[in-house]
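This report looks at the salt bridges of the model shown here and at the surroundings of the residues that form them.

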Amino acid sequence: MKNIHSSELDEFKKNYQQRIENLAKSKTEWIKDFVESQKPKKPVKTVGEMYNEIKK
């Protein structure tokens, strides 16, 4: 009886560990994206400006 309980517990621990790792990974990705979004961006060129560069 104890052996069955032990394997269920191990399975639970493994699944729980996996969920925590996945959550940590997704949080890390979210933080990276957030930090990236806070950086100053290069000014976006208008279509007219791009056209003028191509014409040169």
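In this predicted model, the side chains of E29 and K32 meet in a salt bridge, with a distance of 3.9 Å from N to O. Both residues belong to helix α1, where E29 and K32 lie three residues apart, about one turn of the helix. E29 has a relative accessibility of 44% and counts as partly exposed, because that value falls between the 20% and 50% limits.

A search of the whole structure finds four salt bridges, and the pair of E29 and K32 is one of those described here. Another one joins the side chains of E11 and K14, again with 3.9 Å from N to O. E11 and K14 are three residues apart in helix α1, which covers residues 2-38, so about one helical turn separates them. Of these partners, E11 is partly exposed at 39% relative accessibility, whereas K14, with a relative accessible area of 53%, is exposed, because exposed means over 50%.

A further salt bridge links E53 with K45, and here the closest N and O atoms are 2.8 Å apart. E53 counts as partly exposed at 40% relative accessibility, and K45 is likewise partly exposed, at 42%.

The distances of the pairs discussed above are collected in the table.

| Salt bridge | N to O distance |
|---|---|
| E11 and K14 | 3.9 Å |
| E29 and K32 | 3.9 Å |
| E53 and K45 | 2.8 Å |

Terms used. Residues numbered from 1 in each chain as written. Predicted model: local features only at pLDDT ≥ 70, side-chain atom pairs only at ≥ 80, totals over all residues. Heavy atoms only, no water. Helix = DSSP H or I, 4+ residues; strand = E, 2+ residues; numbered from the N terminus. Buried < 20%, exposed > 50% of the residue type's maximum accessible area, 1.4 Å probe, protein only.
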